[in-house]
Amino acid sequence: MRIKIGKANDNDFVINDPQVSRYHALLIQDEKCDLLLEDLGSTNGTFVNNSQIIKKHVTSEDKVTFGTDYTVSIRDILKRDNDYSEEFAFLKGIYDDYMKEKIRIQSSNQFKTRLFQSLPFAVIGVTGIVLGFMGHTNRGFFVFSFILAVCAPTIGIYFGARQAAKIPAQLQHLANQFKIDYVCPKCGTFLGEIPWESLSNKKQCPVSSCRAKWIRT
């Protein structure tokens, strides 16, 4: 693959910048996917990671400056047709995993909260049955049952409230990571909690300065 770079409209990667030559540089990707960037005798030079080059092997992560001002990553040059469909498809798994984990946190904590709140009352009931078998003349069992009846519900409410208080923090941590991961693969704009299928119907990023293609047409 050969990508011609410059200001002229017949280049593969067109740069509308006065400091960029009409035919400024050439990016070549061979059969092994190795990348070679070559300056084509431009007026203001080509710089890779701030070092001027004539010909240099590069990686997709390298930053290139054409002329004095225009800087772009090699990755973006390779995406000259603005096609980010592969990266966007990966977001489906991120959204699905987020929703599953969100539901798990809510249901799991609700179950534990109700368990903590109801268990003391179950204990009181079991104790009452035991006292029935032991007889009502045992004063020690009677006192123990009375104390349990007073204290157990309070303890259950306390631990139930503690468990319920964990839910917002866990959901917030999950949401924070989701905001980092569920973004446009080009411009990094957070896509909200909109289902992936709904976003795919839009086919491209709505940010006017991005317009990355999400679905290959």
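## Overview

How much of the protein, out of its 217 residues, counts as buried? The share is 33%. Keep in mind that this is a predicted model.

Walking along the chain from the N terminus, you meet the elements in the order β-β-β-β-β-β-β-β-β-α-α-α-α. That comes to nine strands and four helices. Taking contacts between residues at least 6 apart in sequence, 43% join residues at least 24 apart. As for the surface, the protein exposes about 13,700 Å², and 58% of that is supplied by carbon and sulfur atoms.

## The five-stranded sheet

One open sheet has five strands, and its pairing is mixed. Read across, the order is β2-β1-β3-β4-β7. The edge positions go to β2 (13–14) and β7 (55–58); each has a single partner strand, so one side of each is left without a neighbour in the sheet.

At the β7 end, the partner to look at is β4, residues 35–39: the two run antiparallel and are joined by four bridges. To find your way along this pair, pick out Leu37, which stands opposite Lys56 in β7.

## The four-stranded sheet

There's also an open sheet of four strands, ordered β6-β5-β8-β9, and here the pairing is antiparallel. Its edge strands are β6 (51–53) and β9 (70–73), each with just a single partner strand, so each has one side without a neighbour in the sheet. On average, neighbouring strands of this sheet are turned by 35 degrees against each other, if you ignore direction.

Strand β5 covers residues 46–48 and is joined to β6 by three bridges, with the two strands running antiparallel. One handy marker is Thr46, whose bridge partner in β6 is Ile53.

## A proline in a loop

Pro18 sits in the loop between β2 and β3 (25–29). Is Pro18 buried or exposed? Its relative accessibility is 67%, so Pro18 counts as exposed, the cut-off being over 50%. Along the chain, Pro18 and Asp69 are 51 residues apart, yet 9.5 Å separates their C-alpha atoms.

## The cores

In soluble globular proteins, nonpolar side chains tend to be buried together. Here, the largest nonpolar core has 19 residues. Which of them touch the most other members? They are Leu91, Tyr182, Cys184, Leu191, Ala212 and Trp214. Two or more residues come from each of α2 (85–134), α3 (139–181) and α4 (196–202), and α2 gives the largest share, with six residues. Apart from this core lies another one of 17 residues, including Ile3, Val58, Val64 and Val72.

Tyr182 is a good residue to click on. Setting aside its neighbours within four places in sequence, Tyr182 is in contact with Leu91, Ile94 and Tyr95. The list for Tyr182 also takes in Thr189, Phe190, Leu191, Gly192, Ile194, Pro195, Trp196 and Leu199.

## Ser85 and its contacts

Ser85 has its place in helix α2. With a relative accessibility of 11%, Ser85 falls under the 20% cut-off and so counts as buried. Which residues does Ser85 touch, not counting those up to four places away in sequence? They are Lys213, Trp214, Ile215 and Arg216. Trp214 has come up already, as one of the residues that touch the most other members of the largest nonpolar core.

Terms used
Residues numbered from 1 in each chain as written. Predicted model: local features only at pLDDT ≥ 70, side-chain atom pairs only at ≥ 80, totals over all residues. Heavy atoms only, no water. Core = buried A, V, L, I, M, F, W, Y, C linked by side-chain atoms within 4.5 Å. Buried < 20%, exposed > 50% of the residue type's maximum accessible area, 1.4 Å probe, protein only. Contact = heavy atoms within 4.5 Å. Areas by Shrake-Rupley, 256 points an atom, 1.4 Å probe, with all protein chains shown as cover. Pairing = 2+ DSSP bridges. Axes fitted to C-alpha atoms, helices over the stretch in contact; angles between N-to-C directions.
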